[in-house]
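Here are a few worked exercises to try with the viewer open. Have a go at each task before you read its solution.

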Amino acid sequence: MNILFLASYFPSPDNTARGNWALEQATAFNQSHQTTVVCLGPWFPKAISPLSNSLRSYANVPYRHNFGSTRVYYPKWLYYPLHQVEKVTKVAPRFFLWLGWTSVRKKLDELIATYTPDVIYAHHTLVNGYVAMKIKERYDIPFIVTDHEIGDYIKA
């Protein structure tokens with residue numbers, strides 16, 4: 001079985017402490033099923049990376065990295081789940097999710113054509129559950145969403 005694992009909060013080569021529990025889960029899946037991780041991250045030009053460590057951590061993430069045998073892709077998209085813009089994205093989430101999906105759809109099409117997943121496993125309804133739903137609409141690939149907290153719903 002091929003699993004497409006969607007997790008926005010996931011380690012990167014520069015920040016192995018972020019989301020390492022998701023890496024442990026993907027690694028466990030990968031022991032018995034071929035698992036490809038997609039970690040969608042906000043797009044920032046590298047030119048602004050010197051402005052802050054946070055921007056640098058997003059701007060300098062490579063497109064692909066392996067953690068052992070776990071293959072991870074880091075496509076960039078025009079969705080910014082950052083504290084500084086959260087008030088705006090919570091007011092009109094559909095527009096911002098649509099914008100993000102539109103900006104990353106072709107890259108996801110390429111990955112899906114290459115790895116032909118049988119199922120999608122998404123961490124959190126926002127944003128990965130939304131992306132899983134869009135992939136299901138496009139390719140009829142079933143998906144599962146796991147939510148780990150209810151903060152998105154209480155604040156909305």
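A nonpolar core here is a set of buried Ala, Val, Leu, Ile, Met, Phe, Trp, Tyr and Cys residues joined through side-chain atoms within 4.5 Å. Keep in mind that this is a predicted model.

**Exercise 1. Find the largest nonpolar core and say which elements supply it.**

Step 1. Start with the residue count: the largest nonpolar core has 23 residues. Leu6, Leu108, Val131 and Ile135 have the most contacts inside it.

Step 2. Map the core onto the secondary structure. At least two of its residues come from each of strand S1 (2-6), helix H4 (93-115), strand S7 (119-123) and helix H5 (124-139). H4 gives the largest share, eight residues.

Step 3. Zoom in on Leu108. Skipping neighbours within four places in sequence, you'll find Leu108 in contact with Val38, Trp101, Val131 and Ile135.

Step 4. Don't stop there: a second, separate core has 15 residues, including Cys39, Tyr74, Val119 and Tyr121. As background, nonpolar side chains in soluble globular proteins tend to be buried together.

**Exercise 2. Work out the strand order of the open sheet and say which strands stand at the edges.**

Step 1. Read the order across the sheet: six strands run S4-S5-S2-S1-S7-S8, with mixed pairing.

Step 2. Look at the ends. Strand S4 (64-67) and strand S8 (143-146) each have a single partner strand, so one side of each has no neighbour in the sheet. On average, neighbouring strands are turned by 25 degrees against each other, direction ignored.

Step 3. Check the pairing senses. S4 and strand S5 (residues 70-73) are antiparallel over four bridges, and Asn66 stands opposite Arg71 in S5. S1 and S7, by contrast, pair in the parallel sense over four bridges, and S7 and S8 are also parallel over four bridges.

Step 4. Add the helices. H4 packs on the sheet and touches S1, strand S2 (34-38) and S5, with its direction at about 175 degrees to that of S2. H5 packs on the sheet too, touching S1, S7 and S8, and its direction makes about 160 degrees with that of S7.

**Exercise 3. Are the residues of S7 buried or exposed, and which way do they point?**

Step 1. Count the burial: five of the five residues in S7 are buried.

Step 2. Sort them by direction. Val119, Tyr121 and His123 point one way, while Ile120 and Ala122 point the other way.

Step 3. Follow Tyr121 sideways. Tyr121 has Phe5 opposite, and Tyr121 also stands opposite Ile144 in S8. Ring pairs also link Tyr121 into a cluster with Phe5, Phe10, Phe29 and Phe67.

**Exercise 4. Which side chains make polar contacts with the side chain of Asp109?**

Step 1. Place the residue: Asp109 is in helix H4.

Step 2. Check its burial. Asp109 has 17% relative accessibility, so it counts as buried; the cut-off is under 20%.

Step 3. List the partners. The Asp109 side chain makes a polar contact with the side chain of Arg138 at 2.9 Å, and another with the side chain of Tyr139 at 2.6 Å.

**Exercise 5. Classify the ring pair of Phe95 and Trp98.**

Step 1. Locate them: both residues lie in helix H4, three residues apart, or about one turn of the helix.

Step 2. Take the geometry. The centres are 6.1 Å apart with 35 degrees between the planes, so the pair counts as tilted.

Step 3. Check exposure: Phe95 is partly exposed at 45% relative accessibility, and Trp98 is partly exposed with a relative accessible area of 45%.

Methods
Residues numbered from 1 in each chain as written. Predicted model: local features only at pLDDT ≥ 70, side-chain atom pairs only at ≥ 80, totals over all residues. Heavy atoms only, no water. Buried < 20%, exposed > 50% of the residue type's maximum accessible area, 1.4 Å probe, protein only. Contact = heavy atoms within 4.5 Å. Polar contact = N/O pair within 3.5 Å; in protein donor to acceptor, adjacent residues only side chain to side chain. Pairing = 2+ DSSP bridges. Axes fitted to C-alpha atoms, helices over the stretch in contact; angles between N-to-C directions. Phe/Tyr/Trp six-rings, centres within 6.5 Å; stacked < 30°, edge-to-face > 60°.
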